[in-house]
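Let's take a walk through this chain, from its overall layout down to a few individual side chains. Keep the model open as you read.

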Amino acid sequence: MTTTAAIPVDRPSYHEGKRLYRRLVAGDLSHLAPVLASLQPLVGAAAAGLAARLIEAGVDADELLVRATLAHHVRRPGYLERMAAPDSMRHDLDGNPVEPVSARHRDHAAATRKAMGPSLAKGRQQARRRTEREARSRWRANPAPVVEVKQAGRRRLAAPGGAGGCGEPSRSAGHCSAPVAGLRS
């Protein structure tokens with residue numbers, strides 16, 4: 001039996017694509033593709049145009065890294081929501097509308113966004129509301145007894161012959177210039 005070794009493929013990692021994406025959206029490369037920050041639908045030739053702009057800017061990015069970066073972009077919930085919107089337009093890298101999004105692509109974006117479920121923030125908000133509702137229903141079923149609690153005053157008294165020096169009630173140490181017993185001046 002013969003074994004064959006796998007040929008390593010230099011593919012960019014998810015984190016490399018995400019790092020470049022962050023630089024393009026809000027970092028030092030945001031001037032190269034301003035449309036990425038607005039999550040507008042992109043034209044089909046965006047990858048080639050973005051790769052050319054990155055090379056001109058002196059960024060070491062090959063085609064696979066650019067594709068990984070754009071893949072991260074087009075999977076964002078906001079991007080899919082804008083794709084699925086009626087009368088949505090595709091934009092070039094500068095943000096200029098070029099062509100309308102086809103009905104097929106719009107339907108696919110809507111189905112993909114729906115399959116994602118609620119966003120993380122909405123999910124947290126729904127979970128918090130659910131636990132609050134459950135707590136209210138438990139309380140209504142078995143209310144806790146009401147207990148009256150009185151708090152002591154917050155006035156602090158100086159120890160007799162202590163930090164105050166004169167034995168009078170004090171809010172701050174050393175309010176009086178009387179000598180304290182046991183201490184030398």
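Start at the N terminus and follow the chain along: the order of elements is α-α-α-α-α-β-β-α-α. That gives you seven helices and two strands. Bear in mind that this is a predicted model.

Now for the chain as a whole. Of its 185 residues, 22% are buried. The surface it exposes comes to about 14,000 Å², with carbon and sulfur atoms supplying 53% of that. As for how the fold is tied together, take the contacts with a separation of 6 or more: 49% of them link residues 24 or more positions apart.

Helix α5 is a good place to zoom in. It runs over residues 77–84, and its buried residues are Gly-78, Tyr-79, Leu-80 and Met-83. What do the buried residues of α5 pack against? Their partners are α4 (63–74), β1 (89–91) and α6 (103–116).

Stay with α4 for a moment, since that's where you'll find His-72. Is His-72 buried or exposed? Its relative accessibility is 15%, so His-72 counts as buried, the cut-off being under 20%. Looking beyond its neighbours within four places in sequence, His-72 is in contact with Tyr-14, Lys-18 and Tyr-21.

Finally, head for the surface and look for arginines. A patch of positive charge gathers Arg-128, Arg-129, Arg-130, Arg-133, Arg-136 and Arg-140. One of these, Arg-133, sits in helix α7, which spans residues 120–141. Arg-133 has 48% relative accessibility and so counts as partly exposed, because exposed would take over 50%.

Methods:
Residues numbered from 1 in each chain as written. Predicted model: local features only at pLDDT ≥ 70, side-chain atom pairs only at ≥ 80, totals over all residues. Heavy atoms only, no water. Buried < 20%, exposed > 50% of the residue type's maximum accessible area, 1.4 Å probe, protein only. Helix = DSSP H or I, 4+ residues; strand = E, 2+ residues; numbered from the N terminus. Contact = heavy atoms within 4.5 Å. Patch = residues over 30% accessible without salt bridge, like charges linked within 9 Å, V, L, I, M, F, W, Y side chains within 5 Å. Areas by Shrake-Rupley, 256 points an atom, 1.4 Å probe, with all protein chains shown as cover. Salt bridge = Lys/Arg side-chain N within 4 Å of Asp/Glu carboxyl O. Lys, Arg positive; Asp, Glu negative; His and termini not counted. Charge placed at Lys NZ, Arg CZ, Asp CG, Glu CD.
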